[in-house]
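Please open the model in your viewer, with the sequence panel alongside, and follow the stops below in order. Each stop names what to select and then says what is found there.

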Amino acid sequence: MLRQVAEGVLIHQSEFCQSDAVVVQGQVGVLLIDPGVHGSEMACLANDLGELGQPVVAGFSTHPHWDHVLWHARFGAAPRYGTARCASAFRVLLSGAGAKARIAEWIPPDIAEQISWDLFGLITGLPAEMAQIPWDGPKVRIIEHQAHAPGHAALLIEERGVLVAGDMLSDALIPMLDLNDTADPIEDYLAALRLLEGAAGDVDVLVPGHGSIGGADQVRARIEQDHAYVHALRDAGTPDDPRVGPSATFDWMSGVHERQLQQLARRSERDGTPG
Ligand SMILES: [Zn+2]
């Protein structure tokens with residue numbers, strides 16, 4: 001079921017981790033951002049778009065994680081974009097024998113069995129100097145940063161006052177750092193939050209990759225909440241954060257927090273830097 005969150009911007013929330021797919025109406029069709037997770041939900045979205053007479057003319061994946069690079073045959077053969085780093089990170093992931101089987105191990109079986117593997121992760125990288133998604137619709141600015149995954153991008157639809165945050169600024173998920181092959185994941189994350197803060201001044205609607213849609217007041221509040229969490233993580237402290245507390249939306253979030261603490265502690269031992 002599609003829900004309008006701003007003029008010409010609709011979202012479809014998945015049963016899986018409250019994943020938010022975003023539909024942006026253009027001149028002759030829609031841009032589909034992070035299309036969805038369950039095959040049946042994407043089919044339902046394809047039906048809704050069919051009823052609206054709106055073909056998919058472009059796709060975009062905010063980052064190279066499996067739940068953001070899915071596609072359904074009924075969306076058609078529109079180009080599916082991501083940042084150049086996103087596309088190349090996923091290409092590496094998909095290369096080699098048995099890559100899809102390895103990826104499938106991270107995916108809940110009921111979702112994995114519905115995946116169109118031939119359409120999985122087919123992302124066309126946009127050159128780094130390209131500041132907007134090339135399509136016939138409202139301007140969509142690409143705000144690339146180094147935080148949750150390689151080539152992660154938030155999207156700013158200025159004319160609609162909408163910020164699509166990818167896996168940042170969620171009310172349900174804590175900041176999940178990219179701890180693979182990154183030199184300073186804490187500082188990267190803080191820099192990304194500063195970048196979003198600078199871009200989000202006139203935003204009325206915040207759409208996270210997972211969780212609930214936020215209004216204008218939520219933009220700053222969630223940036224501050226994420227900032228506080230990352231500082232607590234850096235200092236190996238206990239975050240005062242509802243997303244990992246007893247009222248957390250996802251009970252597995254405290255496990256994610258513990259793992260991040262452990263991985264960072266291991267890194268600082270290895271690097272000899274003070275924790
Ligand atoms: Zn992710």
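Begin with the whole chain as a C-alpha trace: for 275 residues a compact globule would have a radius of gyration near 19 Å, and the chain has 18 Å, which agrees. Please keep in mind throughout that this is a predicted model. Taken along the principal axes, the C-alpha atoms fill a box of roughly 55 × 45 × 40 Å.

**The whole chain**

Switch to a cartoon, and the secondary structure comes to seven helices and 11 strands. With a surface display in place, the accessible surface is about 12400 Å², and 50% of that area belongs to carbon and sulfur atoms. Of the 275 residues, 54% count as buried. Among contacts in the chain with a separation of 6 or more, 63% are made by residues 24 or more positions apart. If you colour by charge, you will find 19 positive and 37 negative side chains, with the centres of the two sets 5 Å apart.

**Aromatic pairs**

Next, show the aromatic side chains, where the count comes to five aromatic pairs. Select F16 and W66, which form a tilted pair with 5.2 Å from centre to centre and 55 degrees between the planes. F16 belongs to the loop between β2 (9-13) and β3 (20-25), while W66 belongs to the loop between β5 (56-60) and β6 (80-83), so this pair ties together parts that are 50 residues apart in sequence. F16 counts as buried because its relative accessibility is 16%, and W66 is likewise buried, with a relative accessible area of 10%.

Move on to F90 and F120, whose ring centres lie 5.4 Å apart with planes at 65 degrees, so the pair is edge-to-face. F90 sits in helix α2 (residues 84-94) and F120 in the loop between α4 (109-112) and β7 (124-126), so the pair links distant parts of the chain, 30 residues apart. Both of these phenylalanines, F90 and F120, are buried. Add W117 to the selection, and you have one aromatic cluster made of F90, W117 and F120.

**P35 and its surroundings**

Now select P35, in the loop between β4 (30-33) and α1 (39-51). Is P35 buried or exposed? P35 is buried, with a relative accessible area of 2%. Apart from residues up to four places away in sequence, P35 touches A21, M42, L45, H68, L70, W71 and F75. For a distance to display, take the C-alpha atoms of P35 and S61, which are 8.0 Å apart in space and 26 residues apart in sequence.

**V203 and its surroundings**

Centre the view on V203, which has its place in the loop between α5 (185-199) and β11 (205-207). With a relative accessibility of 4%, V203 counts as buried. Which residues does V203 touch, not counting those up to four places away in sequence? They are L156, G161, V162, L163, A216 and V219. A line drawn from the C-alpha of V203 to the C-alpha of R222 spans 13 Å, the two residues being 19 apart in sequence.

**Q260 in a helix**

Go next to helix α7 (residues 253-271), where Q260 is found. This glutamine, Q260, counts as buried, at 4% relative accessibility. Leaving aside its neighbours within four places in sequence, Q260 is in contact with I174, P175, M176, L177, L179, Y229 and L233.

**Two residues with positive phi**

For the last stop, select L169, which is placed in the loop between β10 (162-164) and α5. Although L169 is not a glycine, it has a positive phi of about 55 degrees. Then select D181, which lies in the loop between β10 and α5. D181 is not a glycine either, and its phi is positive at about 50 degrees. What is the relative accessibility of each: first L169, and then D181? L169 is buried, with a relative accessible area of 1%, whereas D181 counts as exposed, at 84% relative accessibility.

Methods
Residues numbered from 1 in each chain as written. Predicted model: local features only at pLDDT ≥ 70, side-chain atom pairs only at ≥ 80, totals over all residues. Heavy atoms only, no water. Helix = DSSP H or I, 4+ residues; strand = E, 2+ residues; numbered from the N terminus. Rg over C-alpha atoms; globule rule 2.2 N^0.38 Å. Buried < 20%, exposed > 50% of the residue type's maximum accessible area, 1.4 Å probe, protein only. Contact = heavy atoms within 4.5 Å. Areas by Shrake-Rupley, 256 points an atom, 1.4 Å probe, with all protein chains shown as cover. Lys, Arg positive; Asp, Glu negative; His and termini not counted. Charge placed at Lys NZ, Arg CZ, Asp CG, Glu CD. Phe/Tyr/Trp six-rings, centres within 6.5 Å; stacked < 30°, edge-to-face > 60°.
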